[in-house]
Every structure is written in structure tokens, then in C-alpha cells.
Amino acid sequence: MEEPVNTPDIGAFGQMLGFRVTEWREGFVRMEMEVRPEHLNRSGVLHGGIVSALLDTACGYAGTWCAKKGNVRWAVTVSLTTHFTGQARGGTLTTVGRKRGGGRKIFFASAEVLDETGQVLGFGDSVQRYRSGSEDPEGIPYRPPA
């Protein structure tokens, strides 16, 4: 597989939860996360908020690939629809996100979260809006968030 031009900055929130981007290209992202005890709800299963955060993050990354080295593209979530279809108590989760379409300012994406056996734990659809300058596929020069 070709090495990515830019390595994504997963951000403090994603780092805290343990998100890792393992594959990223135009219109596609694959992420992984190890389930830890603090990710479980009081019933001992993965909290739905973790699934939602994975779906939201993957949808955003799916539409913000930037091939120009040193540049980035940013987006904000306008809406996120989630569906929970399974449970997990541990293991490695894989999230796959795909850009489905859109225009200059808005794009649509979908994602799914799977457990180690391939069971879908949740899926969702997102509407995302590019931040100023990110409409251009070449993006803007990277500057860490303040």
C-alpha cells in the first residue's frame, strides 16, 4: 500500500479515546481503537457515545483527504444519524468511513463500526461542511489548533 502523503492529526479528543487512523485516501478512511474499561457503560458494554464519536470522526476524515504535503482540510459536522446494532465488551474496533457525494461547501459521508469478528456495532450518515479554505482539494497550510 502507498504511504500516505499526510499523516492525520487525530486531535486531543481522539487521542484520549485511543483512535488511530490506519488507512486514509481520497473519499475513504479506516480507523482502529482498542476498547478499554473506561469505554464501557455501567452495563459493562461499549458506550454508545464511543460508537457515535467513531462514526462522526470517520465521516469527517472521509471527506477531508488532502494530497498536498503539509496542507490539511477541515470540516464540521452539520448532522449525524446513528444506528446501534450490536455490543462489544472489549477487543479492537474498526471503523470505515466513505464520502458519498456533495458539493463545494457540503459533503455527505457514511461510516460503520465493526468488532473483531466483523459484526457491525453501529452505522451512520453525516452531513459535513468544509471550513473556510478547505473547499479546495489542495487544502490550507497545517497549523495546530490553538
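Which residues touch the most other members of the largest nonpolar core? The legends below take up that question in this predicted model, after a look at the whole chain.

**View 1. The whole protein chain has two helices and eight strands.** Welcome to the overall picture. Followed along the sequence, these elements come in the order α-β-β-α-β-β-β-β-β-β. The C-alpha atoms fit in a box of roughly 45 × 35 × 25 Å along the principal axes. The radius of gyration is 15 Å, and because a compact globule of 146 residues would have a value near 15 Å, the two agree. Among contacts with a separation of 6 or more, 64% join residues that are 24 or more positions apart.

**View 2. The surface and the charges of the protein chain are shown together here.** About 8000 Å² of the protein chain is accessible surface, and carbon and sulfur atoms hold 52% of that area. Of the 146 residues, 40% count as buried. The chain carries 17 positive and 16 negative charges, and the mean positions of the two groups lie 6 Å apart.

**View 3. The largest nonpolar core brings together 27 residues.** Here is the reply to the opening question: F19, M33, L46, L54, L93 and V113 touch the most other members of this core. At least two core residues come from each of β2 (28-34), α2, β6 (106-114) and β7 (120-130). Helix α2 is the top contributor, giving nine residues. As a general point, nonpolar side chains in soluble globular proteins tend to be buried together.

**View 4. A closer look at F19 shows its partners from elsewhere in the sequence.** With residues up to four places away in sequence set aside, F19 touches I10, G14, M31, E32, M33, A53, L54 and T57. Two of these partners, M33 and L54, are named beside F19 among the core residues that touch the most other members.

**View 5. T64 sits in the loop between α2 (48-62) and β3 (71-72).** Is this loop residue buried or exposed? T64 counts as buried, because its relative accessibility is 5%, under the 20% cut-off. Apart from neighbours within four places in sequence, T64 is in contact with W24, R73, W74, A75, F107 and Y130.

**View 6. W24, one of the contacts of T64, belongs to strand β1 (residues 20-25).** W24 counts as buried too, since its relative accessibility is 13%. How far apart in space are W24 and W65, C-alpha to C-alpha? The distance is 7.1 Å, although W24 and W65 are 41 residues apart in sequence.

Definitions and conventions. Residues are numbered from 1 along each chain as its sequence is written. This is a predicted model: local features need pLDDT of at least 70, side-chain atom pairs count only at pLDDT 80 or more; totals for chains, interfaces and linings use all residues. Side-chain values use heavy atoms; hydrogens and water are left out. Helices (H or I, at least four residues) and strands (E, at least two) are DSSP runs, numbered from the N terminus. Buried means under 20% relative accessible area, exposed over 50%, partly exposed in between (1.4 Å probe, protein chains only). Contact means heavy atoms within 4.5 Å. A nonpolar core is a set of buried Ala, Val, Leu, Ile, Met, Phe, Trp, Tyr and Cys residues joined through side-chain atoms within 4.5 Å. The radius of gyration is taken over C-alpha atoms; the globule rule is 2.2 Å times the number of residues to the power 0.38. Accessible areas come from the Shrake-Rupley method with a 1.4 Å probe; for residues, only the protein chains shown count as cover. Lys and Arg count as positive and Asp and Glu as negative; His and the chain ends are not counted. The place of a charge is taken as NZ of Lys, CZ of Arg, CG of Asp or CD of Glu.
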